[in-house]
Amino acid sequence: MFIQPIASHFIDGAYVEDDNGTPIEVIYPATGTIIGRVYSATPAIIERAVESAKRAQIGWAKLSGTERGRVLRRAADIIRERNYDLSVLETYDTGKPLSETLCADATSAADALEYFGGLAGSLTGEYIPLADGNWAYTRREALGLCVGIGAWNYPMQIACWKGAPALACGNAMIFKPSETTPMCALKVAEILVEAGLPPGLYNVVQGAGDVGAALVSDPRVDKVSLTGSVPTGRKVYASAAAGMKHVTMELGGKSPLIIFDDADLDNCVSGAILANFYSTGQICSNGTRVFVQSGIKDAFLKRLCERLDLAVIGDPQDEATNFGPMASERQLELVLGFIKKGKEEGARLVTGGNRISGEGYYIQPTVFADVSDNMTIAREEIFGPVMSVLDFEDEAEVIIRANATEFGLAAGIFTADISRAHRVIDELQSGTCFINSYNDAPVEVPFGGVKMSGVGRENSKEAISHYSQLKSVFVRMNDMESPF
Ligand code: NDP
């Protein structure tokens with residue numbers, strides 16, 4: 001199987017190749033075999049991408065929001081029509097099971113295009129009455145050229161969560177996918193042009209961190225939106241700050257999931273499974289520190305293990321599979337390293353803990369119990385299928401422990417006591433919270449983190465403020481006065 005994209009980059013409305021760049025092999029994580037090759041962007045490719053985006057953005061910003069929105073909504077329709085093929089491609093890119101990609105990747109990309117396409121025509125300023133008949137108004141204007149840099153876990157979703165609001169507001173975007181998953185963003189660019197997007201407004205360039213860094217430091221770039229790890233976020237934020245650029249940072253997490261003893265056992269087991277094993281645990285907002293009130297700990301672990309036995313691990317392209325491989329060999333090694341540390345530091349391995357033999361980068365769904373707050377597996381982001389179960393006794397204690405982390409992306413609570421649910425959520429230092437649920441991410445709701453987990457919000461009306469700026473215009477209706 002070889003799935004070669006037409007070319008490595010998509011610039012100014014067309015596929016572009018430049019094989020002077022460093023080759024990047026595309027590896028199918030389920031087999032470890034090479035299924036494609038792209039080339040990292042050379043300085044000449046970056047120049048073409050920036051120059052065409054700058055040129056195209058001027059005319060795009062002059063269209064009405066309704067006209068811009070129409071293009072995005074058409075693209076959403078095309079994505080939905082091709083959901084099956086796009087999902088198969090996403091599964092080759094990431095290794096995530098087709099049973100997931102069919103309902104969570106291209107569809108979520110389409111949701112973003114549809115939502116921001118609908119919002120585009122509603123972007124207006126304000127009329128501000130002032131003394132003596134004077135007045136002012138505000139205009140909501142595009143920022144200009146935005147750069148989007150993606151992680152490898154949700155390539156198509158990330159390409160659209162950044163691209164859709166950027167385009168809706170009248171910006172151009174250059175998107176750099178993760179080098180691990182280079183294929184899906186090219187399809188997004190192709191479909192946008194098919195839907196009527198003028199050339200140059202959504203360019204895709206391939207490459208590793210050096211290509212991302214070159215884009216971030218380019219003085220012609222006005223905004224950077226990164227989805228990635230905290231260490232990369234620090235570098236990108238610092239580089240953007242040197243040019244006083246706008247930023248959105250969607251970074252890592254080590255989120256708490258708190259289960260009180262009055263919660264419905266099966267619901268909270270379902271929540272914990274979704275919060276740790278969906279996408280083989282490769283989700284930034286995962287609730288990987290599962291605090292279980294001591295009275296139900298044994299029942300919780302027993303039910304959890306029974307349910308984990310039902311995981312269907314195998315060929316991700318088979319729709320019956322619901323647990324796939326890690327996205328790369330590097331990620332596999334990182335996660336195995338964390339499992340080893342968990343064992344060494346005295347956590348009790350309840351289930352899993354091993355690489356699955358055979359081809360591909362598979363790890364068993366893994367659960368540690370009796371985890372304490374200072375263990376490495378309870379402090380550091382693992383980004384794999386490893387759940388840490390921590391015991392707690394009461395509400396006040398668990399709030400302090402849940403907040404004792406540098407991260408603040410998400411948090412969840414399961415309880416039958418709705419007053420307690422809101423009381424605890426009020427105290428949690430997290431940007432995105434769930435009550436009796438976990439990891440829902442509808443486009444209507446703001447998504448993002450606090451503390452080291454990020455800056456700004458994606459999705460919802462809130463994203464508009466991160467892809468546009470206000471111009472204030474004062475209008476005098478009578479004569480000017482001056483001191484001399
Ligand atoms: P990385 O931080 O390694 O990379 C993210 C992106 O940044 C990649 O495209 C990478 O390129 C690029 N990059 C690396 N260095 C630089 C640099 N100096 N300047 C500009 N760009 C650079 O993250 P991963 O791809 O490994 O993704 C996993 C991380 O992403 C986890 O921490 C996870 O929590 C986080 N994440 C956050 C989400 C959120 O919404 N909060 C959602 C999904 C993931 P390349 O890798 O190609 O070298």
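## A quick tour of the model

R420 lies over the face of F260, at 4.0 Å from the ring centre. That charge-over-ring contact is a good way into this predicted model. From there we can look at the aromatic pairs, of which the structure holds 9, then at an open sheet of 7 strands, at helix α8 and finally at T91 in helix α3.

**Rings and charges**

- Among the 9 aromatic pairs is that of F10 and Y15, whose ring centres are 5.1 Å apart; with the planes at 85 degrees, over the 60 needed, the pair is edge-to-face.
- F10 itself counts as buried because its relative accessibility is 3%, under the 20% cut-off.
- Y115 and F116 also make an edge-to-face pair, with 5.0 Å from centre to centre and 90 degrees between the planes.
- Both partners are buried: Y115 has a relative accessible area of 18%, and F116 has a relative accessibility of 0%.
- Y127, W135 and Y137 are linked into a cluster by ring pairs.
- A lysine also sits over a ring: K96 is found over the face of Y154, at 3.2 Å from the ring centre.

**The open sheet and its helices**

- In what order do the strands of the open sheet run? The order is β14-β15-β16-β13-β12-β17-β18, and the pairing is mixed.
- At the edges are β14 (348-351) and β18 (432-435), each of which pairs on one side only.
- On average, and with direction ignored, neighbouring strands of this sheet are turned by 20 degrees against each other.
- Within the sheet, β12 (residues 256-259) pairs with β17 (residues 410-414) in the parallel sense, over 3 bridges.
- L257 has G412 in β17 as its bridge partner.
- Helix α10 (residues 265-277) packs on the sheet, where it touches β12, β13 (289-293), β15 (366-369), β16 (386-392) and β17. The direction of α10 makes about 135 degrees with that of β16.
- Helix α12 (residues 329-344) lies across β14, β15 and β16, and runs at about 25 degrees to β15.

**The two sides of helix α8**

- Which residues of helix α8 (residues 209-217) are buried? They are V211, G212, L215 and V216.
- These four residues are on the same side of α8, because they cover an arc of only 135 degrees around the axis.
- A general point fits here: an α-helix has 3.6 residues a turn, so residues three or four places apart point the same way.
- G209 and D210, on the other side of α8, are exposed.
- The cover over the buried residues of α8 includes two helices, α1 (43-62) and α9 (230-242), along with the strands β7 (145-149), β8 (172-176) and β10 (223-227).

**T91 and its surroundings**

- T91 belongs to helix α3 (residues 83-94).
- Is T91 buried or exposed? T91 counts as buried, since its relative accessibility of 0% is under 20%.
- Leaving aside residues up to four places away in sequence, T91 touches Y28, K96, P97, L98, T101, P316 and Q317. One of these, K96, is the lysine that lies over the face of Y154.
- L102 is 11 residues from T91 in sequence, and the two are 9.2 Å apart in space, C-alpha to C-alpha.

Note on methods. Residues are numbered from 1 along each chain as its sequence is written. This is a predicted model: local features need pLDDT of at least 70, side-chain atom pairs count only at pLDDT 80 or more; totals for chains, interfaces and linings use all residues. Side-chain values use heavy atoms; hydrogens and water are left out. Rings of Phe, Tyr and Trp (its six-membered ring) pair if their centres lie within 6.5 Å; planes under 30 degrees apart count as stacked, over 60 as edge-to-face and the rest as tilted. Buried means under 20% relative accessible area, exposed over 50%, partly exposed in between (1.4 Å probe, protein chains only). A charge sits over a ring if NZ of Lys or CZ of Arg is within 6 Å of the ring centre and within 35 degrees of the ring normal. The arc is that of the directions from the helix axis to the C-beta atoms. Contact means heavy atoms within 4.5 Å. Two strands pair if DSSP finds at least two bridges between them. Axes are lines fitted to C-alpha atoms, for helices over the stretch in contact, and angles run from 0 to 180 degrees between N-to-C directions.
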